[in-house]
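Here is a short briefing to keep beside you while you turn the structure on your screen. Take the topics in any order you like.

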Amino acid sequence: MAYEATNPYPIKTVVVLVQENRSFDHMLGWMKSLNPEIDGVTGSESNPISTSDSNLSRIHYGDQSGYVEPDPGHSFEAIYEQVFGEPWSESSSSKNLVPAMEGFARQAESVEKGLSEIVMNGFKPDAIPVFKELVSEFAVCDRWFASLPTLTQPNRLFIHSATSNGAISNDTKMLIQGYPQKTIFDSLDEAGLSFGIYHPYPPSTLFYRNLRKLKYLDNFHQFDLHFKRHCKEGKLPNYVVIEQRYFETKLLPGNDDHPSHDVSEGQKLVKEVYEALRSSPQWNEILFIIIYDEHGGFYDHVPTPVTGVPSPDGIVGPEPYNFQFDRLGVRVPAILISPWIERGTVLHGPSGPYPTSEFEHSSIPATVKKIFNLNEFLTKRDEWAGTFEGVVNRSSPRTDCPVTLPDPVKMREIEAKEDAKLSEFQEELVQMAAALNGDHRKDIYPLKLVENMTVLDAVSYVGGAFKTFLDECDKAKKSGADESYIVCLENPPLQTASKSFLHKIFSCLSADLYNHALFSARIKLPSDYTAGVVVAFYTSNGEIFRKTHDELDFEFLGNVRGKRWRFQTNVYGNGSTSRGREERYNLWFDPSREFHRYSILWTNNKIIFYIDEVPIREIIRNDAMGGDYPSKPMSLYATIWDASNWATSGGKYKVNYKYAPFVAEFTNLVLHGCAVDPIQEVSTTSCTEKDDQLEGLDYAGVTPKRRMAMNKFRQKFMYYSYCYDSLRYPIPPPECVIDPLEKQRFKDTGKLKFEERHHHHSKKRSQASRIKNYGNQDDV
């Protein structure tokens with residue numbers, strides 16, 4: 001590349017990870033105990049709670065942070081009070097107050113009693129072991145500020161463009177249009193340099209209009225699928241942005257550190273990214289930057305700069321604040337990592353380029369400009385901001401950088417709240433997604449779209465919207481559209497359905513193959529009379545290994561009104577279709593009334609089928625199974641088809657097309673595992689780390705409580721098991737664990753001896769009285 005001839009720096013790849021809503025003191029303040037040079041905390045810091053006398057009632061800073069809930073205030077108004085000690089008003093804003101940092105506790109108490117205890121505490125170094133190691137091994141900057149005193153979205157805009165284009169809060173109109181300013185991505189592209197954005201959900205970088213251009217679509221990569229592979233192959237671009245899981249589900253916790261997400265999940269993400277970079281052949285050319293977008297309402301003792309800060313572009317913020325963009329936000333954590341950095345480095349304020357220059361988010365594009373010798377600054381703000389290329393000051397790269405980082409310890413004891421309301425930033429991501437799929441044209445945009453949406457709803461929505469956008473972009477490219485063209489959906493694409501169902505309707509839910517994974521979705525089955533209609537949610541590799549395919553199945557066997565729904569699970573390995581391992585069950589709820597989660601966990605050692613939180617079947621691998629244990633990469637599928645000849649009561653009840661169409665709904669899809677390239681051979685070690693992560697998932701362990709629930713389910717609702725079918729298998733297959741008491745309930749055919757009596761007993765209970773939560777139900 002042309003820049004290499006004049007580049008005096010050893011850095012060829014800059015990697016940026018921006019976490020959410022924590023102050024420096026909250027995350028790294030107590031690191032001062034490890035290195036006194038860090039401008040951290042000692043415990044003498046305090047804030048008044050009393051509004052009448054600031055000397056009477058004060059709360060001192062502590063080190064007891066752990067799992068944080070609720071989310072402290074961090075709006076423009078809240079931050080004003082935190083920094084200046086009094087609520088914002090037009091008269092107050094004209095006083096030129098000193099930023100005494102004395103309003104955090106009072107502002108928190110005004111939101112919720114007791115919240116001051118949360119904002120006035122930070123983490124002990126041992127509680128965040130990944131950061132403890134990185135601060136000790138590399139560099140920490142103890143004077144890095146948010147670009148402006150407000151919440152997430154405007155600050156994130158500054159990171160890559162050195163301006164928010166006048167925004168100090170969410171602007172739904174700009175989410176539709178996309179923010180128009182030039183970005184560091186554009187500057188890199190103009191210079192012939194590369195960039196890549198690695199994301200699990202639709203990336204927030206699509207807030208920028210320019211990144212929606214067709215020519216940039218190939219710069220977006222699925223984090224789980226591509227990041228480690230690119231690291232391993234030495235194919236990371238010059239500028240790398242890592243985006244996190246901004247939403248969380250019970251299966252995939254949020255890892256962006258935004259309250260109420262567990263900080264240990266963010267630590268896991270940092271560990272994962274660092275270790276992938278450390279093992280890359282590009283390691284000696286990498287500078288990895290970890291910052292937080294804003295302080296999230298948590299206390300910090302360092303006064304925020306309020307003088308000598310230039311407006312990036314002269315744009316004034318909206319009324320009534322009329323913010324001039326002439327002061328920064330609260331101090332946030334910043335860690336810089338490279339083999340060219342000395343151990344234990346502490347980076348204080350910059351030495352220029354101006355007397356008032358500070359490190360803030362615009363320092364990233366300013367430093368990238370300097371490292372890669374780009375032509376021009378983006379705004380007056382990155383021209384003013386301090387640059388940190390000087391931290392890379394060794395004459396040769398270190399060889400003693402840690403290869404691995406410590407394992408974080410889980411802090412949250414309760415499960416993720418999938419039904420929680422959205423945070424402000426999550427709402428903005430949903431509204432951006434609506435601009436991508438065309439829903440911004442509907443009357444539900446912007447507020448009705450999000451007002452009753454849960455986190456789980458949002459995960460499904462943004463994923464579907466992003467897919468629609470990508471599909472339309474692909475169509476535009478194939479039709480010959482210019483590379484600068486931006487797809488703007490005037491109307492969302494129409495979804496079509498077949499008028500009949502004589503043939504199987506097939507959908508591949510995952511184009512990728514996974515060498516072990518957690519496959520999960522929330523599903524609602526067709527309602528009314530659905531006899532003979534089979535809905536399947538399954539994994540398979542039959543399209544690649546036609547004679548030796550593997551498969552894991554959920555199959556729902558249709559239903560007659562008033563009857564209980566039945567379903568089966570099955571396992572095939574290495575083409576063992578003649579040795580089916582099916583079990584059949586009754587459901588304890590009506591799956592056509594509401595969504596329920598169905599999950600298949602497949603690891604190297606076990607297979608577990610789940611319905612909601614209840615494990616219903618577990619297969620432990622043993623050597624005697626040989627090739628019958630699924631071992632080749634599989635994709636995830638959903639099908640719905642006419643199985644009149646066998647599905648419902650052995651074929652007694654057929655499909656009646658008078659009740660068509662038959663609609664099965666799938667949402668909140670989870671694919672968590674080791675995605676592999678189908679044309680490359682999968683080595684035994686390439687997925688080791690992902691396999692370890694799978695084994696560490698909550699779903700991977702059948703706890704005593706879950707074991708009890710599984711046993712209860714199987715006793716009440718399993719009516720056939722191949723393990724007890726002695727006519728079919730005189731010697732039970734090797735994975736079967738024969739329970740003598742359970743065996744007494746089954747005939748030699750593997751069917752339940754007293755199913756009919758149990759069945760009639762169940763009819764005494766009215767449909768209305770059936771309790772949907774399995775743990776509370778006595779019988780069905």
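What follows is a tour of two sheets, a helix pair, a smaller strand group and the cavities.

The model is predicted, so please read each point below as a computed description of that model. One sheet is open and has 8 strands, while another open sheet has 5 strands. A search of the whole structure also finds 2 cavities of 30 Å³ or more.

**The sheet of 8 strands**

- Its strands follow the order E7-E6-E8-E1-E9-E10-E4-E11, and the pairing is mixed.
- At the edges you will find strand E7 (220-222) and strand E11 (345-347), each of which pairs on one side only.
- From one strand to the next, the twist averages 20°.
- Inside this order, strand E4 (residues 139-141) and strand E10 (residues 334-337) run antiparallel and are joined by 2 bridges.
- To find that pairing on screen, look for Val140, which stands opposite Ile335 in E10.
- Helix H12 (residues 363-372) lies across strand E1 (13-19), E8 and strand E9 (286-292). The direction of H12 is at about 175° to that of E1.

**The sheet of 5 strands**

- Here the order is E21-E20-E19-E14-E23, and the pairing is antiparallel.
- Strand E21 (614-620) and strand E23 (665-676) are the edge strands; each has a single partner strand, so one side of each is left without a neighbour in the sheet.
- Neighbouring strands of this sheet are turned by 10° against each other on average, with direction ignored.
- Strand E14 (residues 513-524) and strand E19 (residues 596-602) run antiparallel, with 7 bridges between them.
- A handy landmark for this pair is Ala517, which stands opposite Trp602 in E19.
- Helix H16 (residues 455-478) packs on the sheet and touches E14, E19 and E23. The direction of H16 makes about 70° with that of E23.

**Strands E17, E18 and E24**

- Strand E17 (residues 566-572) pairs with strand E18 (residues 583-586) in the antiparallel sense over 4 bridges.
- Gln568 marks this pairing, standing opposite Arg584 in E18.
- E18 is also joined to strand E24 (residues 718-725) by 3 bridges, and these two run antiparallel.
- On that side, Tyr585 has Met718 in E24 as its bridge partner.
- As general background, strands of a sheet pair through backbone hydrogen bonds, either parallel or antiparallel.

**Helices H6 and H11**

- The axes of helix H6 (residues 129-137) and helix H11 (residues 263-278) come within 8 Å and cross at roughly 45°.
- H6 and H11 are therefore oblique to each other.
- H6 brings Pro129, Val130, Phe131 and Leu134 to the contact, where they meet Gln267, Val270, Lys271 and Tyr274 of H11.
- By class, the residues of this contact divide into 6 nonpolar, 1 polar and 1 charged.

**The largest cavity**

- The largest cavity has a volume of about 110 Å³.
- Its lining has 13 residues, and Arg156, His160, Ser204, Thr205 and Glu243 lie nearest the centre.
- Helix H7 (152-161) and strand E8 (239-242) are the elements that give two or more residues to this lining.
- H7 provides the largest share, with 4 residues.
- Sorted by class, the lining holds 8 nonpolar, 3 polar and 2 charged residues.
- E8 is also a strand of the 8-stranded sheet, so here is a question to try on screen: which helix lies across E1, E8 and E9? That helix is H12.

Methods
Residues numbered from 1 in each chain as written. Predicted model: local features only at pLDDT ≥ 70, side-chain atom pairs only at ≥ 80, totals over all residues. Heavy atoms only, no water. Axes fitted to C-alpha atoms, helices over the stretch in contact; angles between N-to-C directions. Parallel < 35°, antiparallel > 145°, perpendicular 65-115°, else oblique. Contact = heavy atoms within 4.5 Å. Nonpolar A, V, L, I, M, F, W, Y, C, P; charged D, E, K, R; others polar. 1 Å grid on protein atoms, 1.4 Å probe; cavity = no way out; pocket = protein on both sides within 12 Å on 5 of 7 lines; lining within 4 Å. Points joined across faces, edges and corners; volume = space filled by probe spheres on them. Pairing = 2+ DSSP bridges.
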